[in-house]
Amino acid sequence: MAPRVSRRGLLGGGVAAAGVAGAFATGRATADAPAAMTPAAARAASYAFRGEHQAGIVTPAQDRLHFAALDVVTDSREELVELLQAWTVAAERMTKGQAAGEIGPVEGSLDLPPDDTGEAIGLPASGLTITFGFGPGLFRDAEGRDRFGLADRQPEALQTLPHFPADNLDPTRSYGDLCIQACADDPQIAVHAVRNLVRIGFGTVSVRWSQLGFGRTSSTSTSQDTARNLFGFKDGTANVKAEEDAALADHVWVGGDDDANGAWLAGGSYLVARRLNMTIEVWDRQPLGDQENIVGRTKGTGAPLSGGEEFSEPDFAMPGRGGPIIPADAHVRIVHPDQHGGARMLRRGYNFVDGSDSLGGLNAGLFFIAYVRDPRTGFIPIQNAMAKNDALMEYLKTTGSALFAIPPGAKPGEYVGQSLFA
Amino acid sequence: MKRLSWIAAGLLVAAPVLASCGTESTEPSGGGGDAGDGRALTVDSSDDACEVSASEAPAGTVTFDVTNSGSQVTEFYLLAEDGLRIVAEVENIGPSISRPLTANVPAGKYVTACKPGMTGDGIRSDFTVTESDEDVKVSEDEESLVTAAQDNYAAYVQDQSDQLLVKTGQFVELYKAGDKDDEARALYADARTHWERIETVAESFGDLDPMMDAREADLEPGQKWTGWHLLEKDLWPARAEKYAALSPKDRAFYADDLLKNTQTLDSRIQDLTFTVDQIANGSRGLLEEVATGKVTGEEEYWSRTDLWDFQANVDGAKVGFDGVKPLLEEKDPELATELESRFDELQVLLDAQRTDDGFRYYDELSQDEIKGLSDAVNALSEPLSRLTAAVLS
């Protein structure tokens, strides 16, 4: 028999995974960076907001997500810049475990509403990262008009994603001029961050949609165990990891010469967000052997059907009875870098359950997030191949979609996204 | 559209039901094969050896836990004493992967075989099943039950395909006439009933299905929309924004195209045969079609005739179930009883929606009625998902 999954092993792995803060962390986390941290210590980890790249991309994927997409409602470039400056200050404070505002949730006047909403009182930073991005609509409105004098800086690659087969997009769960990705090991901390940033932005921005993710489905560091999606399978085994400097440079970070309009984006990335609803109830009725053939891996260990263990390279040519042992329409084959000129992504997705639908089925699935250097080569062809040939599509329905350019990290004294406005 | 080929999925199981004496299941051992009673064995299949942990076991439910320690895909067989007839088998075991094989075997002499690389006679050893207290039933007439199920189902599929061809021909004539749209609309859902009854078979032809049954949202970039639902939208454009009706020339083109593809489908179906696991899997697959497309009102977005399709999927699933039911009653009578009553309960709900012309339209159903139908589909689908394994056991 294949080794059974040990629940204890998974939990232990999760804890160890949070202990890798080392290279990225500052202050408290550095002091707490032994290989096996306690859960309490893991929550205490904090990551620097400033750096060459924004945090929340190669940062070891935290357990929880609150993602918000916003539309800019002002016509004033000055107000937009002021908001980014205010967000930078608040985000830096919150990622240190401090209150959103300078005064604090209970330290101010009894006659004024507090400048921090208070639900994080007594909680540590919990590994919070806040990552900001710019959607195509920030550069040009629906009629193509230049909104803020930024149109000549819109990268060619930053366009609304094309319609893919089986897309069933809900406009109220798609698109947006700006995005905020807040990740933390405590859901209260992630929600607190988005809530306070939205509050700071009222009058300048309006929330278009937001999404909670309750469990990570990807590992972004070799020190993390691979998590499972709601199909019950390990997800993102072949992910680009924080330790792979060369792969990050090739597949994740935008280069200075990538785009004639996009020099400001050097050191940044593109964030693809896709809300993938799973037909959970139908999937659950598939025999185990069919499930494994659809994915191309064993459900227990995550080994490819061609053998080995989780991280063994799949052997797509290995013959099996009635065709290759990894079927022609298996997910692992369709999206494998070998089929796409070596293209890889850094995935950072989260499981979501938004209650149940009107028929009592789980409104649940994968909130897919991928960071790529260029969506035209790093995402769109792979998504098209998946929509066309992947057996897994039978159990997926895409209900939300968005693309954002993620500017490089803010250096000391800068605000996030400053290079775009310079 | 369904991409996972139901035909191919059926082949994966590849059960030797016709030759049944012992039986197999790939489920993990639960009951009879507990450690300590001699019925839980391990098999180490390497590139040049096949080591079975014991050369004998007591009669009953025996489990072989087969681990592939070789470098290529292997298979494990339990053969009858003649070394030819397959009693049970497990295929497609990749290197360093383990798969269980559970078989219900009476006392007698057998042969075990590992087949690394899936070629040749395999590496064989004698295996003995000794007398025990456990009673292993051997059905004498199973072969005739299997043959009857296969023949009946093939005849049903051919008959539905014939009717589909006839009614599609009538439908496209009415549609092309231009002044007979009311009559075309009246025939639309009725003609499609024959498609939906055999939908898992019809859509197993990956080239025809997208040309005949694609919905607008399923299209790939650059793919031209053809088939039933294009005509549906043209006949029921009320929900379409700024819809431009098809010209008489376009009508003729798309109508003839549908009829031509239906003829191709019908000719291919004449040659099909079905194994019992394909029949049982098809029954399950039809209920999945209901759950994902019909009960949600997505299939017939323009005409709202989803309940006709719903009933037709259920019809086809019931025919498949009825065909294998005599086998199931031998193997798992409780499951047979449960499925029978779940089908009945669903049918009562569908019958309540019947009208003189067929069924109420989807947009006339209340949320409570839709939820009730969905609940009944779930109640049936769960036990139905165990049907294939049960008839093969």
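**Exercise 1. Decide whether A:Ile280 of this predicted model is buried, exposed or partly exposed.**

*Solution.* Begin with the count around the residue: A:Ile280 has 16 other C-beta atoms within 10 Å. A buried residue needs 20 or more such atoms, while an exposed one has 12 or fewer. The count for A:Ile280 lies in between, and therefore this residue is partly exposed. As a next step, place the residue in its element, which is helix α7 of chain A. Then look for its partners: leaving aside neighbours within four places in sequence, A:Ile280 is in contact with A:Leu230, A:Gly361, A:Leu362 and A:Ala364. Finally, for a longer view, the C-alpha atoms of A:Ile280 and A:His192 are separated by 30 Å, and these two residues are 88 residues apart along the chain.

**Exercise 2. Classify B:Arg239 by the same cut-offs and describe where it is found.**

*Solution.* Around B:Arg239 there are 12 other C-beta atoms within 10 Å. Because 12 or fewer counts as exposed, B:Arg239 is exposed. To locate it, follow chain B past α6 (228-235) and stop before α7 (248-269), since B:Arg239 is found in the loop between these helices. From there to B:Ser393, which is 154 residues away along the chain, the separation of the C-alpha atoms is 49 Å.

**Exercise 3. Compare the reach of helix α8 of chain B with the expected value, and find how many of its residues are buried.**

*Solution.* The helix covers residues 276-294, which gives it 19 residues. At 1.5 Å a residue a reach of 27 Å is expected, and the distance from the first C-alpha of α8(B) to its last is 26 Å, which is close to that value. Turning to its surroundings, 18 of the 19 residues of α8(B) are buried, and the helix is thus mostly covered.

**Exercise 4. Describe how strands β6 and β7 of chain B are joined and paired, and explain why β7(B) is largely enclosed.**

*Solution.* First take the pairing: β6(B), residues 74-80, and β7(B) run in the antiparallel sense and pair over 5 bridges. Within this arrangement, B:Tyr77 stands opposite B:Glu89 in β7(B). Next take the connection, in which 5 residues lie between the two strands of the hairpin, and B:Gly83 in the turn has a positive phi of about 75°. Last, consider burial: β7(B), residues 86-93, is largely enclosed by the rest of the structure because 7 of its 8 residues are buried.

**Exercise 5. Describe the side of chain A that touches chain B, by its elements and by its residue classes.**

*Solution.* Start with the contacts, in which 35 residues of chain A meet 38 residues of chain B. The elements of chain A that give two or more residues to this side are α7 (280-283), α8 (288-295), β7 (319-320) and α11 (380-389). Of these, α8(A) gives the most, with 4 residues. Sorted by class, this side of chain A has 16 nonpolar, 12 polar and 7 charged residues.

**Exercise 6. Outline the domains of chain B and state how confident the prediction is.**

*Solution.* Chain B is divided into domain 1 (21-130) and domain 2 (142-392), and the centres of these domains are 40 Å apart, taken over C-alpha atoms. For confidence, the mean pLDDT of chain B is 88, with 90% of its residues reaching 70 or more. Residues 1-34 of chain B call for care, as pLDDT stays under 50 there. For the model, the scores are ipTM 0.81 and pTM 0.85.

Definitions and conventions. Residues numbered from 1 in each chain as written. Chains lettered and ligands numbered in written order. Predicted model: local features only at pLDDT ≥ 70, side-chain atom pairs only at ≥ 80, totals over all residues. Expected span 1.5 Å × (residues − 1). Contact = placed C-beta atoms within 7 Å. Nonpolar A, V, L, I, M, F, W, Y, C, P; charged D, E, K, R; others polar. Domains from an automatic or database assignment. Pairing = 2+ DSSP bridges. pLDDT = per-residue confidence, 0-100.
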